[in-house]
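This note is written for a student who is meeting the structure for the first time. The numbered points below may be read with the sequence and the model side by side.

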Amino acid sequence: MTMQDTTATLLDIRPLAQGYQVLTFQAPEIAAIAQPGQFVHVQIPTLEASRLRRPFSIYDADPATGKLYVLYKVVGFGTQRLAALPVGSQLQILGPIGRPFPLNPTGTPYLVGGGYGVAPLWFLATRLPRKGILFVGGRTAADILETERFVQLGWDVRIATQDGSAGEQGLVTLPLDAALEQNPDAELYACGPDGMLRAVGERAMAKNIKGWLSLDKHMVCGVGACLACVQKIRKEDDGSEVLARVCVDGPVFESREIVW
Ligand SMILES: Cc1cc2nc3c(=O)[nH]c(=O)nc-3n(C[C@H](O)[C@H](O)[C@H](O)COP(=O)(O)OP(=O)(O)OC[C@H]3O[C@@H](n4cnc5c(N)ncnc54)[C@H](O)[C@@H]3O)c2cc1C
Ligand code: FES
């Protein structure tokens, strides 16, 4: 199935902690074919000064109702404009785009996320054939989002914050390392800042298990044409290093592919 360029209606805005929101769109063409790990490229109306689209992971998609969900944080000009849109607004949305997470883990799925990185992990948790553990980290309690939904779905949730305001004090790798020690028969899936992805990838390689990392690169076209989003990767067959476009060759890569 190919990506769609569609006019979506903003149906609902649900504020979360500090600057985070969940948006619900009516976008049946995209919701019908979206897979966990893919993203949408959103044209934000009223953004005359900067008409570039903004990429957001698909937080959830319901083919039955045609609803598409995005969880995002206000960080700059575009997301401020997005946050000011009223319900009923119409937006051009391109998607779904990119290589999704694989859905056939050989071991217990360990999902590792931080901040809005939890968005694709929720969609993934709803589609994986088995339940596992969500490890979620952040600077403070306000960065720990939507964990009760994972618990309701039957997932174990382990939290770490750098200031100790929720869960253990420290990095998310603290509870992850403890769980890997107890049960190394896992498959890792991660979305978050580069430092976290790199740490998860190192653990996947050290334990000789798979680690699927969703990269977050600045994007311009979102469809593979401009090369704004390139990442050096190592080809599996001959080990040669090439540049991959994160928008269409990713955003999900296996940890062994990435040349940091
Ligand atoms: C594949 C992919 C999936 C994403 N999924 C989500 C998501 O689910 N929820 C969400 O909130 N955000 C997500 N992002 C990041 C989001 O696209 C940016 O936060 C957004 O484009 C910023 O737009 P802006 O105009 O508000 O910020 P700008 O005014 O353009 O920039 C404001 C600040 O944000 C930084 N920034 C801009 N783009 C990115 C980026 N891609 N990554 C990190 N920092 C950035 C800038 O360096 C600057 O410091 C994703 C990015 C990618 C590539
Ligand atoms: S954003 Fe243009 S090639 Fe990826």
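How many residues does the largest nonpolar core have, and which of them have the most contacts inside it?

1. The nonpolar core. This is a predicted model, and the points that follow should be read with that in mind. The largest nonpolar core has 70 residues. Val40, Leu68 and Val112 are those with the most contacts inside this core. Helix α3, residues 118-127, provides the largest share of the core, namely seven residues. The core lies between domain 1 (4-97) and domain 2 (108-214), because both domains give residues to it.

2. Valine 40 and its contacts. If residues up to four places away in sequence are left out, valine 40 touches Ile30, Phe56, Ile58, Val70, Ile93, Leu94, Gly95, Pro96 and Ile97. Two members of this list, Gly95 and Pro96, return in point 7, where the bond that joins them is described.

3. Helix α3. Eight of the 10 residues of α3 are buried, so that the helix is mostly covered. The buried residues are Val118, Ala119, Pro120, Leu121, Trp122, Phe123, Leu124 and Ala125. The student may wish to locate this helix in the model, since α3 also gives seven residues to the core of point 1.

4. The chain as a whole. The secondary structure of the protein chain comprises seven helices and 16 strands. Its radius of gyration is 18 Å, close to the 18 Å that the globule rule gives for 260 residues, and the chain is therefore as compact as a globular protein of that length. Measured out along the principal axes, the C-alpha trace spans about 50 × 45 × 35 Å. Buried residues account for 43% of the 260 residues. Among contacts between residues at least 6 apart in sequence, 61% join residues at least 24 apart.

5. The two domains. The domain assignment of the protein chain gives domain 1 (4-97) and domain 2 (108-214). Their centres, taken over C-alpha atoms, are separated by 24 Å. In the contact, 14 residues come from domain 1 and 12 residues from domain 2. On the side of domain 1 that touches domain 2, β5 (60-62) and β6 each supply at least two residues. Strand β6 gives the most to that side, with three residues. By class, this side of domain 1 has nine nonpolar, three polar and two charged residues.

6. The surroundings of ligand 1. Which residues come nearest to ligand 1? Of the 20 residues around the ligand, they are Tyr72, Gly76, Gly78, Thr79 and Tyr116. The elements that give two or more residues to the shell are β4 (54-57), β6 (67-73) and α2 (77-83). Strand β4 contributes the largest share, four residues. By class, the shell has 11 nonpolar, five polar and four charged residues. Strand β6 thus appears both in this shell and on the side of domain 1 that touches domain 2.

7. Two cis peptide bonds. Most residues other than glycine have a negative phi, and most peptide bonds are trans. Glycine 95 and proline 96, however, are joined by a cis peptide bond with omega about -5°. Proline 96 has its place in strand β7, residues 90-97. The peptide bond from glycine 250 to proline 251 is also cis, with omega near 10°. Proline 251 lies in the loop between α7 (246-249) and β16 (252-254).

8. Two residues with positive phi. Glutamate 146 has a phi near 60°, a positive value in a residue other than glycine. This glutamate lies in the loop between β9 (133-138) and α4 (147-152). Glutamate 146 counts as partly exposed because it has 17 C-beta neighbours inside 10 Å. Phi of asparagine 208 is likewise near 60°, and asparagine 208 is found in the loop between α6 and β13 (211-214). Is asparagine 208 buried or exposed? Asparagine 208 is exposed, because 7 other C-beta atoms lie within 10 Å.

9. Alanine 199. This residue has its place in helix α6, residues 194-207. Alanine 199 is partly exposed, with 18 other C-beta atoms within 10 Å. Alanine 199 and threonine 173 are 26 residues apart in sequence, and their C-alpha atoms are 7.5 Å apart in space.

Key. Residues numbered from 1 in each chain as written. Chains lettered and ligands numbered in written order. Predicted model: local features only at pLDDT ≥ 70, side-chain atom pairs only at ≥ 80, totals over all residues. Near = placed C-beta within 6 Å. Nonpolar A, V, L, I, M, F, W, Y, C, P; charged D, E, K, R; others polar. Domains from an automatic or database assignment. Contact = placed C-beta atoms within 7 Å. Core = buried A, V, L, I, M, F, W, Y, C linked by C-beta atoms within 7 Å. Buried ≥ 20, exposed ≤ 12 C-beta atoms within 10 Å, placed from the backbone. Rg over C-alpha atoms; globule rule 2.2 N^0.38 Å.
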